[in-house]
Amino acid sequence: MAQGFETRQIHAGAVVDAQAGTRITPIYQSAGYVFDSFDDAEARFAGGGDRLVYSRHSNPTNAVVERRIADLEGGSGALLTGSGQAAIFSTLYSLASAGDHILATASLYEGTKQLFRNNLARQGLQFTFVDAEADDDEWARSFTPRTKAVYTETIPNPKNDVPDLERLARIAHAAGVPLVVDNTVATPYLNRPIEWGADIVIHSTSKWLAGHGSVIGGAVVDAGRFDWAAHPEKFPQLHAVPRPGVRSFVEVYGTRAFLPFALTVVNDYGPTVPPTSSFLLLAGIETLSLRLERHVANAQRVAEWLEAHPDVVSVDYPGLPSSPWHERAQRLLPKGSGSVLAFEPRGGRDAARTLLDSLRLVSQMTHIGDVRSLAIHTGSTIHGRLSEADRLALGITPGLIRLSVGLETVDDIIADLDQALRLAHA
Ligand SMILES: Cc1ncc(COP(=O)(O)O)c(C=O)c1O
């Protein structure tokens with residue numbers, strides 16, 4: 001019988017340490033690994049088997065976390081990176097080359113959009129942002145012969161405008177490209193995008209997976225089922241034969257070719273995660289379901305309380321029946337709609353300033369998915385580089401506050417918001 005999520009979040013991918021018999025995964029804080037011989041060194045560099053070479057390439061502590069995240073997401077494998085941003089750029093660098101095009105949904109974490117618009121665009125990648133709700137014709141028109149992926153998020157923050165993953169997977173596959181989904185905010189406990197058609201799943205493990213605000217990290221998971229062999233003209237890097245006698249990634253790995261190729265990208269560019277971070281990440285993952293249950297319960301209570309408050313003009317949270325995304329969230333996120341919500345106090349930016357400066361329990365911070373509740377005025381920070389018109393087009397109204405609801409006693413979170421709202425409207 002297949003094991004349950006709670007069992008797998010504790011055990012999947014772990015091995016009892018052969019030398020000391022430790023039950024938990026030790027930190028292998030080592031840059032490199034001794035080769036048995038000249039021939040062994042040559043064989044390891046040639047990529048035979050699972051033998052280790054150097055920690056920029058792979059590390060035993062990281063490997064356990066990779067197997068665990070792959071298992072929880074239902075993927076064929078995973079690759080850790082030094083941050084969520086590194087997971088995103090490593091994925092896109094693996095799929096696309098200068099002059100290629102990525103089609104992304106318009107509502108995404110603003111840091112991702114900045115990476116796309118500024119630095120990846122500078123390297124020659126082109127991006128088009130399409131409203132996830134646009135009709136099929138608009139989607140079809142947005143592809144170019146050089147489109148290499150469709151990119152989206154399970155729960156985009158701060159607006160929580162949940163896209164229809166199944167539809168986006170159909171659209172991507174009809175165009176012969178993979179669907180890439182950033183599943184950071186849902187985590188595999190609330191949604192597993194591979195079950196809805198995604199081919200590649202990305203995480204900022206800095207958020208709920210690690211969960212305690214102590215780690216920066218990222219992960220890339222491959223479903224292992226995209227038919228790369230059918231598209232040699234789109235993904236020549238996976239079909240390239242470097243010299244006679246060497247087989248291409250597709251020839252060796254078939255539908256699993258993406259991850260070994262992405263490992264060469266991570267190894268060459270070097271955004272590796274330290275094994276100490278992986279150790280903390282692993283401890284976080286072991287309680288993921290428990291934390292998420294409480295995160296979403298607290299977020300639902302706080303969202304309902306804010307919505308009923310006379311000094312709050314809007315609340316974006318798909319767990320609320322008033323949300324336009326409520327019905328879809330019930331289908332895609334039956335265990336809860338995440339724990340980030342956005343709300344706008346009456347009085348716009350000035351009220352938001354007083355409210356945030358009056359919080360005592362909730363911290364003003366740019367982070368989400370922590371056991372601690374965190375809030376930020378996104379218009380002056382995360383979205384601060386955008387024009388007012390661009391902010392409004394994204395629904396970032398002048399007073400909008402993003403709140404990542406933590407695991408404190410929910411009445412204490414509400415009491416803190418209550419006293420801050422009072423001061424903001426005194
Ligand atoms: C949805 C999402 N993806 C990616 C990232 C980037 O992750 P990191 O901060 O680990 O680089 C973030 C960070 O806030 C995020 O919220």
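In what order do the strands of the open sheet of 7 strands lie? The order is β1-β7-β6-β5-β4-β2-β3, with mixed pairing, where strands are DSSP runs of E of at least two residues and helices runs of H or I of at least four, numbered from the N terminus, and two strands pair if DSSP finds at least two bridges between them. This is a predicted model in which local features need pLDDT of at least 70 and side-chain atom pairs count only at pLDDT 80 or more, while totals for chains, interfaces and linings use all residues. Residues are numbered from 1 along each chain as its sequence is written, and side-chain values use heavy atoms, with hydrogens and water left out.

Select β1 (77-81) and β3 (126-130) next: they stand at the edges with a single partner strand each, so one side of each is left without a neighbour in the sheet.

Moving to β6 (residues 200-204) and β7 (residues 218-222), you will find antiparallel pairing over 5 bridges, with Ile200 opposite Asp222 in β7.

Now add helix α4 (residues 84-95), which packs on the sheet and touches strands including β1, β6 and β7, its direction making about 155° with that of β6; contact means heavy atoms within 4.5 Å, and axes are lines fitted to C-alpha atoms, for helices over the stretch in contact, with angles from 0 to 180 degrees between N-to-C directions. Helix α5 (residues 110-122) also packs on the sheet, touching β2, β3 and β4, and its direction makes about 150° with that of β3.
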